[in-house]
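Trainee: I would like to go through this model term by term. Please set each value against its definition.

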Amino acid sequence: MKSIDTAVVVGAGTMGHGIAQVLAMAGIATTLVDVDDAVVQRGLARVKENLDKGVDKKKLEPAARDAAGARLRGSTAMAEALATADLLIEAIPERMEWKRKLFTDADAVMPAGALLASNTSSLSITAIARSTKRPEDVVGLHFFNPVHLMKLLEIVKGTLTSPATLQRAQDLATRLGKTAIVVNDAPGFATSRLGICLGNEAMRMLEEGVASASDIDQAMKLGYGHPMGPLALSDLVGLDVRMNITEGLFAELGTDGFRAPRLLKRLVTLGDVGQKSGRGFYVWENGETVGENPATRR
Ligand SMILES: NC(=O)c1ccc[n+]([C@@H]2O[C@H](COP(=O)([O-])OP(=O)(O)OC[C@H]3O[C@@H](n4cnc5c(N)ncnc54)[C@H](O)[C@@H]3O)[C@@H](O)[C@H]2O)c1
């Protein structure tokens with residue numbers, strides 16, 4: 001089986017830039033692709049910032065930072081980048097029809113023996129794989145935010161994923177320094193299905209006035225030992241991303257817990273989509289919360 005020397009990450013947003021960073025740090029020549037060159041450049045700048053921070057904190061040698069930086073480039077020419085890639089990791093928005101189109105296009109140009117992966121949080125890997133002529137080479141590689149700090153890699157085995165592809169995914173997780181879990185292809189897998197339920201209920205509690213956002217978050221942090229409360233975590237993920245996921249899970253699973261909370265819909269309509277827009281359940285400045293968003297109150 002061909003070793004993984006070159007990779008393309010498609011989608012240079014919250015997840016894509018972080019995934020590109022960990023691939024480059026693991027010695028893989030990586031191209032970060034987006035439809036928008038400004039997003040590609042912003043993604044590359046965020047990687048540089050993370051790597052510099054690693055050096056400042058003495059977690060990374062300057063030579064390792066420079067080598068990782070040299071292995072990373074940006075592009076808007078997806079087909080050209082994929083034509084010589086051993087690995088695709090797709091990190092575009094959580095829309096099945098967009099992902100299926102991307103995998104059909106990738107299948108047409110990628111070399112035989114390449115590994116095709118999606119970072120989807122909740123969508124069916126089998127359905128994505130079926131948009132290609134090589135469903136056995138397709139697997140879910142679900143990373144967590146921020147990618148360079150979070151240990152978990154949730155590997156999702158589609159019904160058509162071959163044992164060799166699964167093994168390749170597990171070997172890649174080890175190479176990236178991640179701890180892998182393997183989950184069968186079910187809506188929301190192991191992580192999103194539980195995490196979204198908790199987040200949605202926290203939003204409904206805030207809507208009902210049970211407690212403030214920070215007290216709801218403290219309840220889970222101090223009472224249950226979660227490193228971050230569900231509302232702050234939703235802000236970090238992006239409320240638009242969360243809404244796409246919960247709408248998909250509600251359509252698939254039909255249980256009330258996944259019905260999108262009214263407050264979530266309201267904030268997304270206002271454009272208050274979390275840390276990336278400066279406002280979500282909280283107001284954010286320089287990566288820190290500086291108060292609760294008044295728009296969450298009636
Ligand atoms: N945000 C999180 O914390 C998180 C965590 C785990 C998994 N995910 C999943 O990762 C995926 C990406 O989420 P995100 O938060 O990074 O989204 P995002 O909106 O931050 O970034 C998506 C990027 O994809 C680009 N894009 C859209 N269509 C494209 C195309 N056809 N070709 C190339 N680029 C295209 C957009 O321009 C955008 O920059 C989703 O499936 C999401 O569910 C997100």
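Trainee: What is the strand order of the open sheet, and what makes two strands count as paired?

Mentor: The model is predicted, so local features need pLDDT of at least 70 and side-chain atom pairs count only at pLDDT 80 or more, while totals for chains, interfaces and linings use all residues. Residues are numbered from 1 along each chain as its sequence is written, and side-chain values use heavy atoms, without hydrogens and water. The open sheet has 8 strands in the order 3-2-1-4-5-6-7-8, with mixed pairing. Strands are DSSP runs of E, at least two residues, and helices are runs of H or I, at least four, numbered from the N terminus. Two strands pair if DSSP finds at least two bridges between them.

Trainee: Why are strand 3 and strand 8 at the edges?

Mentor: Strand 3 (72–75) and strand 8 (179–184) each have a single partner strand, so one side of each lacks a neighbour in the sheet. From one strand to the next, the twist averages 25°.

Trainee: How do you know that strand 1 and strand 4 pair?

Mentor: Count the bridges. Strand 1 (residues 6–10) and strand 4 (residues 87–90) share 4 bridges, in the parallel sense. At least two are needed, so the pair qualifies. Val-8 has Leu-88 in strand 4 as its bridge partner.

Trainee: What makes strand 9 and strand 10 a hairpin?

Mentor: They pair in the antiparallel sense over 4 bridges, with 2 residues between them. Trp-284 stands opposite Thr-289 in strand 10. In the turn, Asn-286 has a positive phi of about 50°.

Trainee: Which residues are closest to the ligand?

Mentor: Met-15, Asp-34, Glu-94, Lys-99 and Ser-121 are the closest of the 22 that surround the ligand. A residue is near if one of its heavy atoms lies within 4 Å. By class, the shell has 11 nonpolar, 8 polar and 3 charged residues.

Trainee: What makes the Met-15 pair a polar contact with the ligand?

Mentor: The cut-off is a pair of N or O atoms within 3.5 Å. A backbone N or O atom of Met-15 lies 2.9 Å from a ligand oxygen, so the pair qualifies. A side-chain N or O atom of Asn-119 is also 2.9 Å from an oxygen atom of the ligand. A polar backbone atom of Val-237 is 3.0 Å from a ligand nitrogen.

Trainee: Why is the ligand said to lie between the domains?

Mentor: Domain 1 (6–184) and domain 2 (191–292) both give residues to its shell, so the ligand lies between them. Helix 1 (14–25) and helix 11 (239–253) each supply at least two shell residues.

Notes
Axes are lines fitted to C-alpha atoms, for helices over the stretch in contact, and angles run from 0 to 180 degrees between N-to-C directions. A polar contact is a pair of N or O atoms within 3.5 Å; within protein, one must be able to donate a hydrogen and the other to accept it, and residues adjacent in sequence count only if both atoms are side-chain atoms. Ala, Val, Leu, Ile, Met, Phe, Trp, Tyr, Cys and Pro count as nonpolar, Asp, Glu, Lys and Arg as charged, and the others, Gly among them, as polar. Domain bounds come from an automatic or database domain assignment.
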